Amino acid sequence: MLDLRMMLRPWSLAAFLCLLVVSAVILSNQGDPLALVTIGTRFSEGIPEDAGGTEGYDGQFVYYIARDPSSAPSYLDVPAYRFQRILLPVTARALAFGQDSLIPWALLVINLVSLAAGTWLLERLLVAQGVSRWYALTYGLTIGIFGSVRLSVPEPLTYALVLAGITLAGRERWGWSALLFALAALAKETALVFAAAYALYLLRHRHWRNLMMFSGIAVTPFVVWQLVLKATFGSFGVGSGGALATSFEVIPFAGVARIITDSPPDARLALLGIFGVILVPFVLIPTVWGLRQGFIALRRGDWSAVALLLLVNALVMPFVPFSTYREPLGILRFIVGLQIAVVLYAAYRRDSRALRLSTIWIVTILFMGSLVAGN
């Protein structure tokens, strides 16, 4: 007989619950899977916001590219930026055999499988460090991954590839690891943060041959694709951002401060509430912890890959753009890389307190209510 306890694992629990959520969304929208794409009339029909056009969400841009790459630019806010994340729409188009009606289903399948695979890979990494596999839910049951399946955005695919790259790097299979990071970067550019940490690790330990091979394989496809985007759209995808995006900050945490300083006086009280409820526990405290632990590790001579993953991911956070910090869902999607790094480092150090505290990220799943109801 099958042992149900063996079947119940973090990856299967996360996938099952996510399937329930997306099923509820589809059923509440007369069985239309396009509800998962969250199309807005501003881009689909060209209706301006001041004329009642709705914004929709980022999944619509993935859908437009997958549906027809040649006509997609006219439906995108910033074509170079959206085409930069090409892996998910191309994979969905291939899986759907180019059939428009199947593309929303293909996006769902890819992201649901990616959710399960990423959570399973993190389980294995945790078990290898001798800690409970259930801390993998700090990844699989959080809004940045779980919610991204419902929204048809690239995070589940990106970080499943990242976790596969981390797994192979731990086995010193540098070529295959670099290939997975290269694919992850074509899903979402934030994967390059992980590749940079491993490049720094190889540099510090003077593994020159592996460094050259790893860096070349991990970065070259992304650079080539950026040149294609520049030739096609007149700008690089990196740094261009979507509509109303701001650039990366120069002053640390200026993006956080601008939530207050750049907001209308009558909105500041509400924004302070959002700041306290979302940014402090889920973003700022983990960032400060990551910076502190990362620098402590380096001072004691710990230049391990896990320590560098933590430090590099934490170092990015103070310079995240204001436009990302001011959007709660946007910053909770951005923080996924740090979530992975924090959990892996806490497991590496056998820091049970940090592992327990990391489960606070699971609380973000409560924000799924608005994503289930929203269209």
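Select first the lining of the second largest pocket, to which helices α7, α10, α12, α16 and α19 each supply at least two residues. Helices here are DSSP runs of H or I with at least four residues, strands are runs of E with at least two, and both are numbered from the N terminus. A pocket is an open set of points on a 1 Å grid over the protein atoms alone, with protein on both sides within 12 Å along at least five of seven lines; a cavity is a set of points where a 1.4 Å probe fits but cannot get out, and lining residues have an atom within 4 Å of a point.

The model is predicted: local features need pLDDT of at least 70 and side-chain atom pairs count only at pLDDT 80 or more, while totals for chains, interfaces and linings use all residues. Residues are numbered from 1 along each chain as its sequence is written, and side-chain values use heavy atoms, with hydrogens and water left out.

**The second largest pocket**

Of the 18 lining residues, display Leu 125, Gln 129, Ile 166, Ala 169 and Gly 170, which lie nearest the centre of the pocket. Helix α10 gives the most to this lining, with four residues. The volume is about 410 Å³, where a volume is the space filled by probe spheres set on grid points joined across faces, edges and corners. Colouring the lining by class gives 12 nonpolar, three polar and three charged residues. In this scheme Ala, Val, Leu, Ile, Met, Phe, Trp, Tyr, Cys and Pro count as nonpolar, Asp, Glu, Lys and Arg as charged, and the others, Gly among them, as polar.

**The enclosed spaces**

Turn next to the cavities, of which there are three of 30 Å³ or more. The largest has a volume of about 80 Å³. To find it, select Tyr 159, Thr 190, Val 193, Phe 194, Asn 313, Val 316, Met 317, Phe 334, Ile 335, Gly 337 and Leu 338, which line it. Helices α12, α16 (305-316) and α19 (336-348) each supply at least two of the lining residues. The lining of this cavity has eight nonpolar and three polar residues, and no charged ones.

**Ile 331 and its contacts**

From the cavity, move to Ile 331 in helix α18 (residues 328-334). Its relative accessibility is 0%, so Ile 331 counts as buried; buried means under 20% relative accessible area, exposed over 50%, and partly exposed in between, with a 1.4 Å probe and protein chains only. Leaving aside neighbours within four places in sequence, show Leu 279, Val 283, Met 317, Val 320, Thr 324 and Tyr 325 as the residues in contact with Ile 331; contact means heavy atoms within 4.5 Å. A distance drawn from Ile 331 to Phe 16, C-alpha to C-alpha, reads 25 Å, for a pair 315 residues apart in sequence.

**Helix α14**

Select residues 254-261 next: within helix α14, Ala 254, Gly 255, Val 256 and Ile 259 are buried. These buried residues pack against α15 (268-299) and α17 (322-325).

**Salt bridges**

The structure holds nine salt bridges, each a side-chain nitrogen of Lys or Arg within 4 Å of a carboxyl oxygen of Asp or Glu. Begin with Glu 123 and Arg 133, whose closest N and O atoms are 2.8 Å apart. Glu 123 lies in helix α7 (residues 103-128) and Arg 133 in the loop between α7 and α8 (137-140), so this pair ties together parts 10 residues apart in sequence. Glu 123 is buried at 1% relative accessibility, whereas Arg 133 is partly exposed at 26%.

Lys 188 and Glu 155 come next, with closest N and O atoms 2.4 Å apart. This pair links distant parts of the chain, 33 residues apart: Lys 188 is in the loop between α11 (174-187) and α12 (192-204), and Glu 155 is in helix α10 (residues 155-170). Both residues are buried.

Then select Arg 258 and Glu 249, which meet in a salt bridge of 3.0 Å, N to O. Arg 258 is partly exposed at 24% relative accessibility, and Glu 249 is buried at 13%. Finally, display Asp 58, Asp 77, Arg 82, Glu 155, Lys 188 and Arg 333 together, as salt bridges that share partners join them into one network.

**The whole chain**

Zoom out to see 21 helices and zero strands. The C-alpha atoms fill a box of roughly 60 × 60 × 45 Å along the principal axes. Of the 375 residues, 52% count as buried. Among contacts with a separation of 6 or more, 69% join residues 24 or more positions apart.
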